[in-house]
Amino acid sequence: MSVWRRYLVKDVTGRLVDLPSSLLDRADDGTAPLPHFAGRCVEMVAAVIVGDRKTHARVTELAFTKLYFDQMGYVDAAKRERMIRLMLESCADRRCRPPRRDCAQLSRRAVAARDQLIREFGWEPKPAERDAALSRLDPARLRGAPSELARTLH
């Protein structure tokens with residue numbers, strides 16, 4: 001059994017196109033830019049797929065997000081750091097257990113961080129966009145039961 005990841009990005013026409021993980025990895029680690037994404041915010045579908053690559057592979061994680069590129073076409077490191085910081089802050093209220101006195105303050109910070117994450121990095125796809133992603137990544141999932149879909153996709 002294999003585990004791998006696939007990425008789709010929305011192009012300028014609104015179609016979802018494949019972005020090979022090797023290209024994204026190089027743009028992320030600063031070794032090779034993606035010039036056609038330079039200075040842009042790109043809506044991206046990130047999928048984790050488990051199974052045999054030829055048959056019975058299933059999407060186990062699916063995320064719709066925004067990815068920012070700097071002026072040269074590398075993944076914007078400052079935006080990535082901001083996303084990570086907001087993700088950590090968004091969990092602050094989950095670490096709070098009474099009798100701590102600052103739980104209300106931690107809760108406010110966490111809610112604010114979650115709101116900011118959604119505004120800056122969230123992409124709420126339309127049903128047709130979600131279906132288009134699934135049809136590219138896991139066509140059998142579209143024919144599956146809706147309850148199964150709701151349990152596995154985020």
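The legends below accompany several close-up views of a predicted model.

**View 1. Overall make-up of the chain, with six helices and four strands.**
In this predicted model, the order of elements along the sequence is β-β-α-β-β-α-α-α-α-α. The chain has 154 residues, of which 32% count as buried. Among contacts with a sequence separation of 6 or more, 61% are between residues 24 or more positions apart.

**View 2. The open sheet, with its four strands in the order β2-β1-β3-β4.**
The pairing in the sheet is antiparallel, and strands β2 (16-19) and β4 occupy the edges, where each has a single partner strand, so that one side of each is left without a neighbour in the sheet. From one strand to the next, the twist averages 30°. Taking the pairings across the sheet, β1 is joined to β2 by four bridges, strand β1 (residues 2-10) is joined to strand β3 (residues 41-51) by eight, and β3 is joined to strand β4 (residues 58-68) by ten.

**View 3. The hairpin formed by β1 and β2.**
Five residues lie between the two strands of this hairpin, and G14, which is in the turn, has a positive phi of about 95°. The two strands run antiparallel, and Y7 has L19 of β2 as its bridge partner.

**View 4. Individual bridge partners of strand β3.**
On the side of β1, R6 has A47 of β3 as its bridge partner, while V9 stands opposite M44. On the side of β4, the bridge partner of V48 is E61. In a regular strand, successive side chains alternate between the two faces of the sheet.

**View 5. The surroundings of M44, a residue of strand β3.**
Is M44 buried or exposed? With a relative accessibility of 6%, M44 falls below the 20% limit and therefore counts as buried. Leaving aside residues up to four places away in sequence, M44 touches Y7, L8, V9, L24, A63, F64, T65, L67 and W123. This list includes V9, the residue that stands opposite M44. The C-alpha atoms of M44 and L19 are 9.1 Å apart in space, with the two residues 25 apart in sequence.

**View 6. The aromatic pair of F64 and W123, one of three aromatic pairs found in a search of the whole structure.**
The rings of F64 and W123 are arranged edge-to-face, with 5.2 Å from centre to centre and 75° between the planes. This pair links distant parts of the chain, since F64 belongs to strand β4 and W123 to the loop between α3 (103-121) and α4 (127-137), 59 residues apart. F64 and W123 are both buried, and both are also among the residues that M44 touches.

**View 7. The crossing of helices α2 and α3.**
The axes of helix α2 (residues 77-90) and α3 come within 7 Å and cross at roughly 145°, and the crossing is left-handed. On α2, the contact is made by K79, R82, M83, L86, M87, E89 and S90, and on α3 by R109, A110, A113, R114, Q116, L117, E120 and F121.

**View 8. The charged end of K79 over the ring of Y68.**
The distance from the charged end of K79 to the centre of the Y68 ring is 4.4 Å. K79 is also one of the α2 residues that make the contact with α3.

**View 9. The surroundings of C96, in the loop between α2 and α3.**
Where C96 is concerned, the relative accessible area is 8%, under the 20% limit, so the residue counts as buried. Which residues does C96 touch, not counting residues up to four places away in sequence? They are C103 and L106. C96 and L106 are ten residues apart in sequence, and the distance between their C-alpha atoms is 7.5 Å.

Methods. Residues are numbered from 1 along each chain as its sequence is written. This is a predicted model: local features need pLDDT of at least 70, side-chain atom pairs count only at pLDDT 80 or more; totals for chains, interfaces and linings use all residues. Side-chain values use heavy atoms; hydrogens and water are left out. Two strands pair if DSSP finds at least two bridges between them. Rings of Phe, Tyr and Trp (its six-membered ring) pair if their centres lie within 6.5 Å; planes under 30 degrees apart count as stacked, over 60 as edge-to-face and the rest as tilted. Buried means under 20% relative accessible area, exposed over 50%, partly exposed in between (1.4 Å probe, protein chains only). A charge sits over a ring if NZ of Lys or CZ of Arg is within 6 Å of the ring centre and within 35 degrees of the ring normal. Axes are lines fitted to C-alpha atoms, for helices over the stretch in contact, and angles run from 0 to 180 degrees between N-to-C directions. A crossing is left-handed if the near helix is turned anticlockwise from the far one by less than a right angle, and right-handed if clockwise. Contact means heavy atoms within 4.5 Å.
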